[in-house]
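Me: Please take a close look at a single part of this model, a sheet and its strands, and then place that part beside the salt bridges and packing found elsewhere. A connected account would suit me better than a list.

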Amino acid sequence: MPTFEIGERDFLLDGRPHQVLSGALHYFRVHPDLWADRIRSARLMGLNTIETYVAWNVHAPTPDVFDTTGPRDLGRFLDLVAAEGMHAIVRPGPYICAEWDNGGFPAWLFRMPGVGVRRNEPTYMKAVQQYLEHVLPIVAERQVTRGGPVIAVQVENEYGAYGDDKDYLRALVAINRAQGIEVPLLTCDQADDAMLERGGLPELHRTATFGSRTAERLEILRRHQPTGPLMCMEFWCGWFDHWGAHHHTTDPAQSAADLDALLAAGGSVNVYMFHGGTNAGFTSGANDKGVYQPTVTSYDYDAPLAEDGTRTAKYDAFREVLGRYTALPAETAPTRAPAPTGVLAAGRRTVDLWSVVDGLDGWVDAHDVPTHEEVAAASGFVLYRTSVDLAEPAVLAFTEVRDRAQVFLDGRPVGVVDRSERGTSLTLPAGVGRLDVLVEDQGRVNYGPRIGEAKGLVGPALLGGRELTGWRVLPLDVDAVAASPALAADAPGSAGPVPGPSFSVWESDLPQADLFVSTRGWGKGVVWVNGTSLGRYWSKGPQTTLYVPAPAVTGRGDRVVVLELLGGPGELALVDAPDLGHTEF
């Protein structure tokens, strides 16, 4: 069987020096019917390896479930890598960051009493061991030493930026080895002396993350990895975006020059990202370094291969560089052609949110406002409801709102409390009626000390300075609602827009191709096509389109559903290209 080892200066594949030319491609961000296409495009650019994280929360919606079917089939993804004649690097965390909700940790993990994440704490380590006992056998049987594609596995992820518990790292090493991982075990940290020291062990091979100043960063890495090959595990060729900010891009020529410098120095590389994909559904994470900033739906990342699988100027520039270090295939990836356009207008049916929720089960009675965790809501929306009787206007206040609360009195909008704006209160008008607070979890923090924090309303809830109690609370599964009988063709509804939160449905024969839904003119919400969630949109931008992968379209009687939180226009347009917003280098 083949071997992959760490030599004095190089990686050794079957005993011969081997330069790893890898690209990041996360299977959970790409429609499974497109995995083979994206992997092939990586090979055509000149790469010989695919790297992927494994997101714990993708596979384990509850503690007693580990799902590896359909879009979660890691084994099939790795088999497709092998079928393309490429190798694989797997990074199963348990923490991945990746601008992914909660950094990959399942929300239920933080409901465990006393759990202490990313350290050698018994409750956490028991959950981690169970997770790795599920995922590592899938990887182990596909190692290069057993005729498969996997040449290396990463232990934790940028741990030196978070902690320094060496016993924790040793425990992860022991679990990996006990589960049959024979290939080299790696760590990665930013090219920083303190982080590289805290995040590694002598028995693990250190790699670094950076996107520029190659010689300087390799010198820092060499101080902490005195022998063996030097590898940039995340060569940052782009960046991610936040709602309300600009769209990040990098100059293709400069990125290519930085890549050339790394490879010319004999370094191995993992281009992060080669192909970013999409934060579909409610999977996007957030950052909070004093201000909460949720991540947008597109994870295009200004990568060489765009979100729709087409090559960019950066792809061509990187391919030219890689051709100096490896033989290139004659074929290359496709460029973008204009996508089909059109307008969905006729046939719209709209149902207001209040008509839908009144018929749903799952309401929970609570004396005080519970967090989302306390009603087992892992993501998305929770509706809080109570009654008020105000002789005069009064201030409704919470200790904290995580992350965005829309407040209604008898179905009429009163205002919004937004965490990003540091809001915690608003004024209710005088009156008697039903108070509804619709709270959206806009993405769990994926980096730093606020990982795992509770979502929802952090109480007490005060009205006019007095505690407001007697709540009914509904974890609102909008994915289920979007596919429910409440939105069926014969269900009652309006033919046009309605004020306030609503679900709109169109049934139309869509073109069977990659499509781009324009959200210009709409406020804030979520879009589904045939039950596939395309993710969130928001008029704050920067992105104003949502990507529809061709396999999500049937071409006959396609069903488009829009949850609009603010009130949208009368039509929904398909446009010929993505619009990810204003760019800055």
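Reply: What follows starts with one sheet, strand by strand, and then moves outward to salt bridges and packing.

The model is predicted, and its local features are restricted by a confidence cut-off. The sheet chosen here is open and has five strands, in the order E16-E29-E34-E31-E32, with antiparallel pairing. Its edges are strand E16, residues 349-352, and strand E32, residues 532-538, each of which pairs on one side only. From one strand to the next the twist averages 20°.

Take the E16 side of the sheet. Strand E16 pairs with strand E29, residues 502-508, in the antiparallel sense, and four bridges join the two. Two facing pairs show the register: Arg349 stands opposite Val505 in E29, and Thr350 stands opposite Ser504 in E29. Strand E29 also pairs with strand E34, residues 558-564, again in the antiparallel sense, this time over seven bridges. In that pairing Ser502 of E29 stands opposite Glu564 in E34. Is strand E29 enclosed or open to the surroundings? Five of its seven residues are buried, so E29 is largely enclosed by the rest of the structure.

At the other edge of the sheet, strand E32 takes part in a salt bridge. The side chains of Glu440 and Arg536 meet there, with an N to O distance of 2.7 Å. Glu440 lies in strand E24 and Arg536 in strand E32, so this pair ties together parts that are 96 residues apart in sequence. Both partners are enclosed: Glu440 is buried with a relative accessible area of 3%, and Arg536 is buried with a relative accessible area of 4%. The cut-off behind that label is a relative accessible area under 20%.

Another salt bridge involves the loop that follows strand E24. Glu373 pairs with Arg444, and their closest N and O atoms are 2.6 Å apart. Glu373 lies in the loop between strand E17 (364-366) and strand E18 (380-390), while Arg444 lies in the loop between strand E24 (431-441) and strand E25 (456-458), so the pair ties together parts that are 71 residues apart in sequence. Glu373 has a relative accessible area of 10% and is buried; Arg444, at 2%, is buried as well. Glu373 and Arg444 also belong to a network of salt bridges, whose members include Asp288, Glu400, Arg402, Asp403 and Arg419. Asp441, Arg450, Glu453 and Lys455 are linked in that network too.

A salt bridge between Glu216 and Arg213 offers a contrast in setting. Its closest N and O atoms are 2.7 Å apart. Here Glu216 counts as partly exposed, at 36% relative accessibility, and Arg213 counts as partly exposed, at 48%. The count for the model comes to 38 salt bridges.

There is also an open sheet of four strands, in the order E23-E19-E26-E27, with antiparallel pairing. Strand E23 (425-428) and strand E27 (466-467) are the edge strands, and each pairs on one side only. Strand E26, residues 462-463, is joined to E27 by two bridges, and the two strands run antiparallel. Within this pairing Leu462 stands opposite Glu467 in E27.

Helix packing gives another view of the model. The axes of helix H1, residues 35-45, and helix H9, residues 313-322, come within 9 Å and cross at roughly 50°. H1 and H9 are therefore oblique to each other. In the contact, Ser41, Leu44 and Met45 in H1 meet Tyr315, Phe318, Arg319 and Leu322 in H9. By class, the residues of this contact divide into five nonpolar, one polar and one charged.

Finally, Val269 shows the packing around a single residue. Val269 lies in strand E12, residues 268-275, and counts as buried, at 0% relative accessibility. Its C-alpha is 5.6 Å from that of Met231, although the two residues are 38 apart in sequence. Leaving aside neighbours within four places in sequence, Val269 is in contact with Val20, Leu21 and Ser22, with Met231, Cys232 and Phe235, and with Leu259, Leu262 and Leu263.

Methods. Residues numbered from 1 in each chain as written. Predicted model: local features only at pLDDT ≥ 70, side-chain atom pairs only at ≥ 80, totals over all residues. Heavy atoms only, no water. Pairing = 2+ DSSP bridges. Axes fitted to C-alpha atoms, helices over the stretch in contact; angles between N-to-C directions. Parallel < 35°, antiparallel > 145°, perpendicular 65-115°, else oblique. Contact = heavy atoms within 4.5 Å. Nonpolar A, V, L, I, M, F, W, Y, C, P; charged D, E, K, R; others polar. Salt bridge = Lys/Arg side-chain N within 4 Å of Asp/Glu carboxyl O. Buried < 20%, exposed > 50% of the residue type's maximum accessible area, 1.4 Å probe, protein only.
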